[in-house]
Amino acid sequence: MRTLPIVLITTLSVSGCGAFLPAAGPSTTAVVDGADQATSEGTFARYELIDMNAAVVEALRGRSLDSLFASFGDRRAPAESVIGVGDAVSVSVFEAGSGGLFSGPLTVNSFSAGSKAAQLPEQVVSRDGAISVPYAGRIQVAGRRTQDVQALIETELAGKAIQPQVIVTVTRAVSQSVTVGGESVGGARVPLGTQGDRILDVIATAGGVKTPVNETFVRLSRGGTTATVPLTTVVSNPKENIYLRPNDNLTLVRDPQTFLAVGALGQATEIPFQAEGITLAQALAKARGQRDVDADPTGTFIFRFEPAAVVRRLKPGSPLLGTPLVPVVYRVDMRDPNSLFLTQAFRMRNRDMIYVSNAPFTEIKKVLSVFAAASQPITTGVRVGGAFD
């Protein structure tokens with residue numbers, strides 16, 4: 001073993017001895033060759049290997065992210081609210097004199113002019129959209145403004161009451177409210193004000209957020225459309241702080257964003273990042289960069305599941321397009337100066353994994369250390385009287 005030439009040792013390490021040595025993961029060659037797995041029945045694709053370049057970064061940048069403004073549009077305040085089914089309505093009737101339908105009798109002895117108003121019991125608008133008013137019958141209120149309902153009741157009471165004047169108040173606006181749930185301090189149905197309420201207004205009314213803002217996402221469902229954006233985006237971009245509409249469902253979701261850093265990196269661990277995202281360059285910096293001695297500059301990989309629509313733009317003929325999510329491995333050649341620009345434009349996503357393979361020379365060092373350990377003399381014997389025989 002001591003006389004084996006270095007060339008032979010190197011040849012052994014390259015030809016397969018490295019497969020039996022401790023390693024943090026596959027080599028660059030193994031990742032590249034593993035995209036197409038050869039079997040006795042032929043070759044099939046296990047994942048797509050894509051070399052990162054400007055065209056790839058631009059295609060990924062075109063991947064649309066959720067936007068509340070893009071999904072729901074209108075930023076104007078809603079039209080004046082109307083009464084709806086399920087709302088609680090209070091009706092007060094005033095008359096010009098005493099002794100009418102809704103006013104008290106004139107009491108001469110006590111010199112009292114009597115009451116000139118009556119407060120009707122609170123009513124919930126029924127499924128037919130109506131409430132009951134004595135001497136006016138069933139009044140259709142659903143879909144109408146309070147002032148319109150007032151005028152309608154006054155018309156129905158004309159000639160029955162003494163110059164009636166009516167005030168209609170919505171005491172509980174169930175139909176003009178949004179549902180707030182998830183990580184809000186006080187999940188509830190929040191009524192919308194007549195001036196219109198934006199997302200942050202409603203969150204504040206519900207008591208705020210229990211979780212860190214940089215880990216919280218806002219999920220808005222309206223009709224058949226749902227969009228999710230980071231809360232930090234709503235806070236920093238007024239365009240995303242849209243007006244809410246009745247019957248919207250607003251859910252605050254905590255989803256810490258992390259990526260995995262493994263292989264020949266300064267730090268191998270799960271690393272959190274802000275909800276608004278980071279670039280690959282920032283991710284490598286958080287992982288303390290590549291170890292110059294151990295890392296293969298051509299072996300920086302990002303493992304990710306991409307939607308089939310994204311892979312179709314990058315690899316139109318991919319045999320893996322039959323699944324909704326396609327396993328993709330992006331490769332970056334850090335020897336190319338242009339890669340420094342690419343890593344600043346490539347956006348990391350939640351649960352991505354950065355893997356940096358060992359440099360070929362690192363594997364050679366492992367083989368050399370194995371042969372050096374094997375070449376050390378081994379002394380055995382039995383100790384007798386302080387000496388070895």
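Which residues are exposed on the other side of H3? Keep that in mind while we get our bearings. This is a predicted model, and the chain has 11 helices and 21 strands. Of its 389 residues, 38% are buried. Looking at contacts between residues at least 6 apart in sequence, 67% join residues at least 24 apart. As for the outside, the chain exposes about 21,000 Å², with carbon and sulfur atoms supplying 56% of that.

Now back to helix H3, residues 54–61. Val 56, Val 57, Ala 59 and Leu 60 are its buried residues. Look down the axis of H3 and these residues fall within an arc of 160 degrees, so they line one face of the helix. The other side of H3 is where you'll find Ala 54, Ala 55 and Arg 61, which are exposed. The buried residues have plenty to pack against: strands E3 (48–51), E17 (295–307) and E18 (325–332), along with helices H9 (308–314) and H10 (339–345). Check the start of H3 too, where a side-chain oxygen of Asn 53 comes to within 3.1 Å of the backbone nitrogen of Ala 55.

Strand E17 leads us on to E19, since E17 and E19 pair in the antiparallel sense over 5 bridges. One spot to look for is Ala 295, whose bridge partner in E19 is Asn 358. Strand E15 (residues 257–263) runs parallel to E19, and 5 bridges join E15 and E19. There, Gly 263 sits opposite Val 356 of E19. And E19 itself, residues 352–358? Buried residues account for 6 of its 7, so E19 is largely enclosed by the rest of the structure.

How values were computed: Residues are numbered from 1 along each chain as its sequence is written. This is a predicted model: local features need pLDDT of at least 70, side-chain atom pairs count only at pLDDT 80 or more; totals for chains, interfaces and linings use all residues. Side-chain values use heavy atoms; hydrogens and water are left out. Helices (H or I, at least four residues) and strands (E, at least two) are DSSP runs, numbered from the N terminus. Buried means under 20% relative accessible area, exposed over 50%, partly exposed in between (1.4 Å probe, protein chains only). Contact means heavy atoms within 4.5 Å. Accessible areas come from the Shrake-Rupley method with a 1.4 Å probe; for residues, only the protein chains shown count as cover. The arc is that of the directions from the helix axis to the C-beta atoms. A polar contact is a pair of N or O atoms within 3.5 Å; within protein, one must be able to donate a hydrogen and the other to accept it, and residues adjacent in sequence count only if both atoms are side-chain atoms. Two strands pair if DSSP finds at least two bridges between them.
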